[in-house]
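Let's take a walk through this protein and its DNA. Have the sequence and the 3D view open while you read.

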Amino acid sequence: MKNSDIAKVFYDIADLLDLKGENMFKVRAYQKAARAIELWPRDLEAMVREGEDLREIPGVGEAIAKKIADLVTTGKLELYEQLRQEFPTGVVSLLDIPGIGPRTAVRLAKELGVKSVVDLEQAATDGRVAALPRMGPKTAENILDQIQALRRKDQRIPIGEALPAVEAVQAALRQIPGVHNLTPAGSLRRFRDTIGDIDIMGTSDRPEDAIQAFTSLPQVSQVLAKGPTKASVILGGGLQADLRFVEHDSFGSLLQYFTGNKEHNVILRDHFRRQGLKLSEYGITDMKTERLEKFATEEAFYQRLGMQWIPPEIREAQGEIELALEGTLPKLVEISDVKGDFHIHTDWSDGQNSIEDMVLAAKARGYQYAVISDHSIGRGIARGLSAERLRQQKEVITEVSKKTEGFRIFTGVELDIRADGSLDLPDDVLAGIDVVTASVHSGMGQTTERMTQRVIRAMESPHVDIIAHPTCRLIGTRQPVNIDMEEVFKAALRTGTLLEINAMPQRLDLKDAHAYRARKLGIKLVVATDSHRTDHYDVMRYGIGVARRAWCQAGDILNSQPASDIEAFFRSDKGQRLR
DNA sequence: GCCGTTTTCGGCCCGACTGTTTTCAGTCG
């Protein structure tokens with residue numbers, strides 16, 4: 001049973017307890033635990049097997065620890081089974097409809113006999129919903145709208161689509177007079193790999209006018225809510241966008257308030273509430289004197305609280321608040337630390353630009369080096385290179401090198417790992433290549449056992465330096481392959497193999513939680529773009545976003561080191577590299 | 001149900017907006 005499966009059970013329990021009318025703090029405790037389980041970097045089933053204390057997971061105490069143990073050992077949970085008998089699954093599914101919470105769901109079930117979304121649609125259509133006390137025609141209409149929206153609902157969208165969409169909205173908003181400081185907040189600012197909705201913060205002396213202009217933008221297809229300081233709309237593409245304004249001198253608190261994930265915010269506000277301070281989007285209120293202190297910048301806000309500014313990417317309730325209070329946050333890797341790219345395709349395989357173009361573009365970015373890593377022969381569809389073509393390519397690279405003094409071009413290959421774990425090119429060829437990156441491109445339906453052994457076998461080759469996009473996921477399009485990443489991590493440490501954070505926004509693979517775990521174990525990572533054109537180098541920012549979410553410092557990322565160190569690294573004996 | 005530099009008991013983040021009803025409960029983020 002995977003952590004995500006366990007988390008699902010506890011989320012469900014929270015919903016069911018909520019429907020039941022249980023103490024809301026108990027409900028919240030289950031939600032908090034579910035979220036912590038979801039984010040927990042280690043396999044819970046393994047922890048239970050090895051008799052480790054689950055209470056080290058924040059939000060998991062004695063009772064939930066026992067329930068987790070029961071669940072993974074027996075596959076069942078008494079409380080869960082009981083609750084599910086009390087409420088038909090259809091009633092729980094009503095909670096998926098925005099605007100319907102536990103109170104409304106239970107009322108609909110009790111008073112109208114609604115047991116599914118289809119039942120509800122009927123009841124809203126024939127007027128029964130509108131006839132209920134404290135409901136009305138508008139409520140019924142909203143329910144129908146939301147059901148429609150739910151049916152065509154795209155799931156969360158990849159950050160690579162959300163960021164450009166936000167930039168377009170921001171550009172439009174900048175045209176509105178008196179609007180300043182437009183900044184995306186929420187999961188986008190935290191660089192999560194997928195985004196549920198867009199949050200944009202800003203300041204305005206006349207927020208009503210700005211809100212009015214926002215809701216009238218041509219991109220807006222529906223206005224969900226509109227007040228004097230905030231509005232929620234649906235954009236043409238189906239994406240929800242929330243806009244929020246405060247006065248200029250409160251902008252720091254606003255941004256802070258809407259950036260952290262829910263759990264982070266709860267912990268932070270709770271911590272300072274105990275000290276008599278109330279944190280809100282307007283500033284910090286001393287609860288004794290009722291005096292509100294405002295902050296124009298986040299830096300000033302954190303300084304007032306006596307803590308370090310926390311990078312947005314790690315405002316996820318993973319211990320960052322405690323460290324910021326102590327003043328011991330790590331200095332995270334930055335995009336400006338990147339000194340080269342390890343995963344670059346050219347027109348020798350399926351890339352669109354020549355070696356020279358790719359190299360010049362890398363140099364123009366201020367990089368010191370690049371690894372040319374075209375596909376190997378097994379990728380026929382990508383015009384993968386044979387041993388002979390690799391030899392020819394090496395000659396061209398030598399020629400290009402002469403024209404780009406001071407820039408180091410490493411020879412490389414993105415080597416196919418075959419279905420049985422054997423490699424796509426012979427050892428003597430691989431031995432002549434500076435940097436060998438291996439990856440899976442076929443046979444993705446294998447069992448966990450087979451896929452894990454397949455990748456580990458490749459890692460055991462003395463010539464394979466890096467494993468690229470280890471889970472092969474394509475966000476929203478292809479599920480990750482079945483692979484035991486904990487075993488892959490062990491093999492990486494044992495063999496001295498590096499792991500890639502593939503920066504293509506549809507991949508982001510390693511994902512944040514995997515990169516976090518790998519970094520913690522002491523595995524060296526590379527952040528690489530998998531560029532197939534010169535402008536693909538831009539996606540480095542997404543990969544660095546993942547590295548930052550994994551709490552990586554520059555020293556954890558090999559391509560933040562200068563060319564001379566890279567040279568020495570790959571010349572060294574592979575088995576000694578991580579020691 | 002969880003948790004502790006106020007607490008092992010008594011708390012548990014904070015505010016905007018909606019719909020329906022005249023003061024607020026419910027929901028959301």
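How far does a backbone N or O atom of Gly 59 lie from a phosphate oxygen of DNA strand B? In this predicted model, the gap is 2.9 Å. Two further residues reach a phosphate oxygen with their backbone as well, and the table puts them side by side with Gly 59.

| Residue (backbone N or O atom) | Distance to a phosphate oxygen of DNA strand B |
|---|---|
| Gly 59 | 2.9 Å |
| Lys 230 | 3.1 Å |
| Ile 64 | 3.2 Å |

Several parts of the chain help to line the DNA. The elements that each give two or more residues to the surface near DNA strand B are helix 2 (24-39), helix 4 (62-74), helix 7 (102-112), helix 10 (137-151), strand 5 (220-226), helix 15 (262-273) and strand 8 (277-280).

Now take in the whole surface around the strand. In total, 49 residues surround DNA strand B, and the closest are Arg 28, Thr 104, Gly 136, Arg 269 and Arg 274. Which part of the DNA do they meet? Sugar and phosphate make up 75% of the strand B atoms that come within 4 Å of the protein. As for the kinds of residue near the strand, 19 are nonpolar, twelve are polar and 18 are charged.

Next, zoom out to the layout of the protein. Chain A splits into domain 1 (3-151), domain 2 (157-246), domain 3 (254-326) and domain 4 (335-576). Let's pick out domain 2 and domain 4, whose C-alpha centres are 36 Å apart. Where they meet, eleven residues of domain 2 are in contact with nine residues of domain 4. The area buried between domain 2 and domain 4 comes to about 850 Å², with carbon and sulfur atoms giving 62% of that area. On the domain 2 side, Pro 158, Phe 191 and Asp 193 supply 52% of the area buried against domain 4, more than any other three residues do.

What about charges across this boundary? Side chains of opposite charge can pair when their charged atoms come close. Between domain 2 and domain 4 there are two salt bridges. Asp 193, one of the three residues just named, forms a salt bridge with Arg 473, where the closest N and O atoms are 2.9 Å apart. Helix 11 (residues 159-173) gives the largest share of the domain 2 side that touches domain 4, with five residues. That side of domain 2 divides into five nonpolar, two polar and four charged residues.

Salt bridges turn up elsewhere too: a search of the whole structure finds 42. One of them joins the side chains of Arg 84 and Glu 81, at 3.7 Å from N to O. Both residues belong to helix 5 (residues 78-86) and are three residues apart, about one turn of the helix.

Finally, have a look at some backbone oddities. Most residues other than glycine have a negative phi, and most peptide bonds are trans. Phe 191 has a positive phi, near 60 degrees, and is found in the loop between helix 12 (186-189) and strand 3 (194-195). We met Phe 191 before, among the residues that domain 2 buries against domain 4. What kind of peptide bond joins Asp 509 and Leu 510? That bond is cis, with omega about 5 degrees. To find Leu 510, go to the loop between strand 16 (498-502) and helix 23 (512-521).

Key. Residues are numbered from 1 along each chain as its sequence is written. Chains are lettered from A and ligands numbered from 1 in the order in which they are written. This is a predicted model: local features need pLDDT of at least 70, side-chain atom pairs count only at pLDDT 80 or more; totals for chains, interfaces and linings use all residues. Side-chain values use heavy atoms; hydrogens and water are left out. A residue is near a molecule or strand if one of its heavy atoms lies within 4 Å of it. A polar contact is a pair of N or O atoms within 3.5 Å; within protein, one must be able to donate a hydrogen and the other to accept it, and residues adjacent in sequence count only if both atoms are side-chain atoms. Helices (H or I, at least four residues) and strands (E, at least two) are DSSP runs, numbered from the N terminus. Ala, Val, Leu, Ile, Met, Phe, Trp, Tyr, Cys and Pro count as nonpolar, Asp, Glu, Lys and Arg as charged, and the others, Gly among them, as polar. Domain bounds come from an automatic or database domain assignment. Contact means heavy atoms within 4.5 Å. Buried area is the accessible area (1.4 Å probe) that two parts lose on being put together, summed over both. A salt bridge is a side-chain nitrogen of Lys or Arg within 4 Å of a carboxyl oxygen of Asp or Glu.
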